[in-house]
Amino acid sequence: MAEQQQVKPLVPAAFRDEEEALSTQLNLRKRRYVQCCGCISALSLILAVVVLVLFFTLFRIHDPKIKINSVTIQRLELINGSLRNDVNVTLLADVSVTNPNVATFKFSNSTTLIYYGGRVIGEAIHLQGQAKARRTLLRNVTVELDPEKIEAVPSFRSDLNSGAFSISSYSTISGRVKILKIVKKRVVVRLNCTTTYRISGRQFVGESCRPELDF
């Protein structure tokens with residue numbers, strides 16, 4: 001029996017051209033898809049790097065700083081080695097609040113306590129306010145000191161004879177820094193200062209301050 005040779009029919013040229021065109025379109029779409037994914041990934045990476053840089057530089061919240069620039073005492077009057085009890089001694093302090101951040105530091109009412117011999121002899125409340133971005137806010141703080149409390153300190157007589165009083169102050173400012181409603185932080189700044197008041201010169205000398213921060 002003679003074998004019959006089978007001949008496959010030829011694919012029409014038009015069909016082959018259509019297949020090649022379809023394959024080319026698919027490859028082109030794949031390339032565009034890969035390129036698009038690569039661009040999105042690159043943009044996402046760049047955006048993440050920019051956010052991190054901003055977070056650690058521009059958006060980073062720095063510590064506000066309190067500084068006592070000068071302190072004076074008024075109406076400190078001595079009669080026969082005693083303070084006049086009918087006149088309150090007034091302590092005036094020039095205080096500055098420096099805000100190094102790119103957003104405003106808003107703070108509520110704050111307090112300043114004056115200590116002598118470990119006892120509170122005066123207290124002042126400074127009203128709420130705000131230190132603008134990268135600015136320094138100047139404040140005058142007035143504290144009325146009680147003469148009776150001063151004389152009640154056991155070391156008052158000896159200090160009076162030596163001509164110098166060691167006085168400490170404790171200031172607290174509580175506030176918040178908010179950047180673009182995204183980064184918020186509550187900050188409590190405390191400042192402990194110790195200084196010596198010389199009666200003869202009516203001035204404070206040897207001031208030493210130590211800031212403290214709570215977040």
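At 3% relative accessibility, Tyr116 counts as buried, because the cut-off for that label is a relative accessible area under 20%. The model in which Tyr116 is seen here is a predicted one. Together with Phe156 and Phe165, Tyr116 forms one aromatic cluster, and the points below move from that cluster to the nonpolar core and then to the charged pairs.

**Aromatic pairs**

- Over the whole structure, a search finds 4 aromatic pairs.
- Phe105 and Phe107 make up a tilted pair, with 5.8 Å from centre to centre and 40° between the planes.
- Both partners of this pair lie under the 20% cut-off and therefore count as buried, with Phe105 at 1% relative accessibility and Phe107 at a relative accessible area of 5%.
- The ring centres of Tyr116 and Phe165 are 5.6 Å apart and the planes stand at 75°, so this pair is edge-to-face.
- Because Tyr116 belongs to strand β6 (residues 110-116) and Phe165 to strand β10 (residues 164-179), the pair ties together parts that are 49 residues apart in sequence.
- Phe165 is buried as well, at 9% relative accessibility.

**The nonpolar core**

- As a general tendency, nonpolar side chains in soluble globular proteins are buried together.
- In this model the largest nonpolar core has 40 residues, and those with the most contacts inside it are Ile73, Leu91, Phe105, Leu145, Phe165 and Tyr197.
- Strand β11 (residues 183-198) gives the most to this core, contributing 6 residues.
- Leaving aside residues up to four places away in sequence, Phe165 touches Tyr116, Phe156, Asp159, Leu160, Thr195, Thr196, Tyr197 and Ile199.

**Salt bridges**

- Side chains of opposite charge can pair when their charged atoms come close.
- The count for this structure comes to 2 salt bridges.
- One of them joins Glu144 to Arg75, with the closest N and O atoms 3.4 Å apart.
- This salt bridge links distant parts of the chain, since Glu144 sits in strand β9 (residues 135-145) and Arg75 in the loop between β1 (65-74) and β2 (78-79), 69 residues apart.
- Glu144 is partly exposed, with a relative accessible area of 35%, and Arg75 is likewise partly exposed, with 43%.
- Arg84 forms a salt bridge with Glu77, and here the closest N and O atoms are 2.8 Å apart.
- Arg84 has a relative accessible area of 28% and is partly exposed, as is Glu77, for which the value is 32%.

Terms used. Residues numbered from 1 in each chain as written. Predicted model: local features only at pLDDT ≥ 70, side-chain atom pairs only at ≥ 80, totals over all residues. Heavy atoms only, no water. Core = buried A, V, L, I, M, F, W, Y, C linked by side-chain atoms within 4.5 Å. Buried < 20%, exposed > 50% of the residue type's maximum accessible area, 1.4 Å probe, protein only. Helix = DSSP H or I, 4+ residues; strand = E, 2+ residues; numbered from the N terminus. Contact = heavy atoms within 4.5 Å. Phe/Tyr/Trp six-rings, centres within 6.5 Å; stacked < 30°, edge-to-face > 60°. Salt bridge = Lys/Arg side-chain N within 4 Å of Asp/Glu carboxyl O.
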